[in-house]
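Welcome to this guided tour. Open your viewer, load the model and follow along, one selection at a time.

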Amino acid sequence: MEIDRCMCYQRTFEELRQVAEETGADSVEALQQHVVFGHNCQLCHPYVRRMLETGETVFHEVIEG
Ligand code: FES
């Protein structure tokens, strides 16, 4: 299992990481000001939070809210 994107909007965490780097966004909500993702099922939110903390963009484990 490999989880590397917001499935609902087809935005990779790598893409989101770059936007975070460029804009300084440091939360899901701040990132959503710059790029459309995460408005549907929101299962990607804990992954995006982890990405913002650690810089990881590919996950092999289930991370729950
Ligand atoms: S996976 Fe991101 S909103 Fe559903």
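With 65 residues, what radius of gyration does the chain have, and what would a compact globule have? The chain has 10 Å, which agrees with the value near 11 Å for a compact globule with 65 residues. The radius of gyration is taken over C-alpha atoms, and the globule rule is 2.2 Å times the number of residues to the power 0.38.

Two notes before you start clicking. This is a predicted model, in which local features need pLDDT of at least 70 and side-chain atom pairs count only at pLDDT 80 or more, while totals for chains, interfaces and linings use all residues. Residues are numbered from 1 along each chain as its sequence is written.

**Stop 1: the whole chain**

Show the cartoon. You should find 3 helices and 2 strands, running β-β-α-α-α from the N terminus on. Helices (H or I, at least four residues) and strands (E, at least two) are DSSP runs, numbered from the N terminus. Taken along the principal axes, the C-alpha atoms fill a box of roughly 30 × 25 × 20 Å.

Now think about what is inside. Buried residues make up 17% of the 65 residues. Here a residue is buried if 20 or more other C-beta atoms lie within 10 Å of its own, exposed if 12 or fewer, and partly exposed in between, with C-beta atoms placed from the backbone. Two residues are in contact if their C-beta atoms, also placed from the backbone, lie within 7 Å. Among contacts between residues at least 6 apart in sequence, 44% join residues at least 24 apart.

**Stop 2: the loop between the strands**

Select Gln-10, which is found in the loop between E1 and E2. Its phi is positive, near 55°, in a residue other than glycine. Is Gln-10 buried or exposed? Gln-10 counts as exposed because it has 9 C-beta neighbours inside 10 Å.

**Stop 3: helix H1**

Next, select residues 13-23, which form helix H1. Colour Phe-13, Leu-16 and Ala-20, the buried residues of H1. They cover an arc of only 60° around the axis, so they sit on the same side of H1. The arc is that of the directions from the helix axis to the C-beta atoms. A general point helps here: an α-helix has 3.6 residues a turn, so residues three or four places apart point the same way.

Turn H1 around, and on the other side you will find Glu-14, Glu-21 and Glu-22, which are exposed. The cover over the buried residues of H1 includes strand E1 (5-6), strand E2 (11-12), H2 and H3. Just after H1 comes Gly-24, with a positive phi near 80°.

**Stop 4: helix H3**

Move on to residues 45-54, helix H3, where Tyr-47, Val-48 and Met-51 are buried. Their arc around the axis is only 100°, which puts them on the same side of H3. Glu-53 and Thr-54 are exposed on the other side. Among the elements that cover the buried residues of H3 are H1 and helix H2 (28-32). H3 is followed by Gly-55, whose phi is positive, near 85°.

Zoom in on Val-48. Which residues is Val-48 in contact with, leaving aside its neighbours within four places in sequence? They are Phe-13, Leu-16, Val-28, Leu-31 and Gly-38. Val-48 counts as buried because it has 24 C-beta neighbours inside 10 Å.

**Stop 5: where H1 meets H3**

Show both helices together. H1 and H3 pack at an angle of about 50°, with their axes 10 Å apart. Axes are lines fitted to C-alpha atoms, for helices over the stretch in contact, and angles run from 0 to 180 degrees between N-to-C directions. The two helices are therefore oblique to each other; angles under 35 degrees count as roughly parallel, over 145 as roughly antiparallel, 65 to 115 as roughly perpendicular and the rest as oblique.

To see the meeting residues, select Phe-13, Leu-16, Arg-17 and Ala-20 in H1, then Tyr-47, Val-48, Met-51 and Leu-52 in H3.

**Stop 6: two last residues**

Select Gln-42 in the loop between H2 and H3. Gln-42 has a positive phi of about 70° although it is not a glycine. With 13 other C-beta atoms within 10 Å, Gln-42 is partly exposed.

Finish at Glu-61, in the segment after H3. Glu-61 is exposed, with 8 other C-beta atoms within 10 Å. Draw a distance from its C-alpha atom to that of Tyr-47: the two are 14 residues apart along the chain and separated by 9.8 Å.
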